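User: I would like to go through this model by way of its strands, its charged pairs and its nonpolar interior. Please keep the answers short and end each on what was asked.

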Amino acid sequence: VYMCFCRDPDVGAPITSLDIVHGEDDKVQPKEHFYRLPYNINPNAEQVYVCTSNHGLPIVDVLVLNSHRRDVAPPPGYRKIDMDLVLSHYGFRPSSSPSLSSSTTTDENHKSGDDKESKYSYLCYKRGLSPPITDMDIVFDADDVTAKKADGFTV
């Protein structure tokens with residue numbers, strides 16, 4: 001699973017908030033003022049969706065933080081959405097679970113020298129004044145990644 005985003009002001013309004021929703025089926029609804037991206041990022045278990053909003057200070061960067069610790073802090077300047085992307089907080093992660101990629105991936109295990117397998121993956125974002133992210137998408141294979149890059153998206 002790959003997270004793609006672009007900074008093209010002609011595409012739309014800046015994305016200002018991110019959220020994660022989950023449920024047992026594809027009818028799970030986002031919070032008020034949020035739009036749910038149409039793709040389940042956790043197809044092997046409970047369904048997980050990324051949601052975006054256009055109300056507030058723009059988001060300028062997004063990353064996925066991987067850790068074996070549930071209480072891992074986000075990098076300086078980033079806000080962590082405290083919902084595990086693969087719902088491993090139930091103590092179970094199917095071996096065939098997808099791993100998320102994004103423009104930046106921070107693996108706390110590698111930074112600490114710990115070689116344990118990551119149990120948790122969190123979406124983090126940073127607000128600021130540099131060019132804002134205006135569109136996000138989720139893709140599932142390398143051909144789609146190539147197409148998104150040709151459309152001006154960062155993966």
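**Strands, salt bridges and cores**

Analyst: Six of the eight residues of strand E8 (residues 120-127) are buried, so E8 is largely enclosed by the rest of the structure. This is a predicted model.

User: Which residue in E8 is the bridge partner of Leu 63?

Analyst: Strand E5 (residues 59-67) and E8 run antiparallel and are joined by eight bridges. Within E8, Leu 63 has as its bridge partner Cys 124.

User: Which residue in E8 is the bridge partner of Lys 80?

Analyst: Strand E6 (residues 79-80) is joined to E8 by two bridges, and the two run antiparallel. The E8 residue that bridges to Lys 80 is Cys 124.

User: Is Lys 80 buried or exposed?

Analyst: Lys 80 forms a salt bridge with Asp 82, with 3.6 Å between the closest N and O atoms. Asp 82 has 59% relative accessibility and so counts as exposed. Lys 80 has 18%, and because the limit for burial is under 20%, Lys 80 counts as buried.

User: How many salt bridges does a search of the whole structure find?

Analyst: The pair Lys 80 and Asp 82 is a salt bridge, and Asp 137 with Lys 148 is another. Lys 31 and Asp 19 also meet in a salt bridge. For the whole structure, the search gives a count of four.

User: How many residues apart in sequence are the parts that Lys 31 and Asp 19 tie together?

Analyst: The side chains of Lys 31 and Asp 19 meet at 3.5 Å, N to O. Asp 19 lies in strand E2 (17-23) and Lys 31 in the loop between E2 and strand E3 (34-36), so the separation of the parts they tie together, in residues, is twelve.

User: Is Asp 19 buried or exposed?

Analyst: The relative accessibility of Asp 19 is 10%. The limit for burial is under 20%, so Asp 19 counts as buried.

User: Which strand and which helix do Asp 137 and Lys 148 lie in?

Analyst: Both Asp 137 and Lys 148 are buried. Their side chains meet in a salt bridge of 2.7 Å, N to O. This pair ties together parts eleven residues apart in sequence, because Asp 137 lies in strand E9 (residues 135-139) and Lys 148 in helix H2 (residues 142-150).

User: Which are the edge strands of the open sheet E2-E4-E3?

Analyst: Three strands form this open sheet in the order E2-E4-E3, with antiparallel pairing. An edge strand here pairs on one side only, and the edge strands are E2 and E3. From one strand to the next, the twist averages 30 degrees.

User: Which residue in E4 is the bridge partner of Tyr 35?

Analyst: E3 pairs with strand E4 (residues 47-53) over three bridges in the antiparallel sense. The E4 residue bridged to Tyr 35 is Thr 52.

User: Which strand gives the most to the largest nonpolar core?

Analyst: This core has 21 residues, and those touching the most other members are Leu 18, Ile 20, Val 50, Val 62, Leu 123 and Met 136. At least two residues each come from strand E1 (2-6), E2, E4, E5, E8 and E9. With three residues, the strand giving the most is E5.

User: Which residues is Met 136 in contact with, leaving aside its neighbours within four places in sequence?

Analyst: Met 136 is one of the core residues that touch the most other members. With those neighbours left aside, its contacts are Met 3, Cys 4, Phe 5, Ile 15, Leu 18, Leu 37, Thr 52 and Phe 153.

Methods:
Residues numbered from 1 in each chain as written. Predicted model: local features only at pLDDT ≥ 70, side-chain atom pairs only at ≥ 80, totals over all residues. Heavy atoms only, no water. Buried < 20%, exposed > 50% of the residue type's maximum accessible area, 1.4 Å probe, protein only. Helix = DSSP H or I, 4+ residues; strand = E, 2+ residues; numbered from the N terminus. Pairing = 2+ DSSP bridges. Axes fitted to C-alpha atoms, helices over the stretch in contact; angles between N-to-C directions. Core = buried A, V, L, I, M, F, W, Y, C linked by side-chain atoms within 4.5 Å. Contact = heavy atoms within 4.5 Å.
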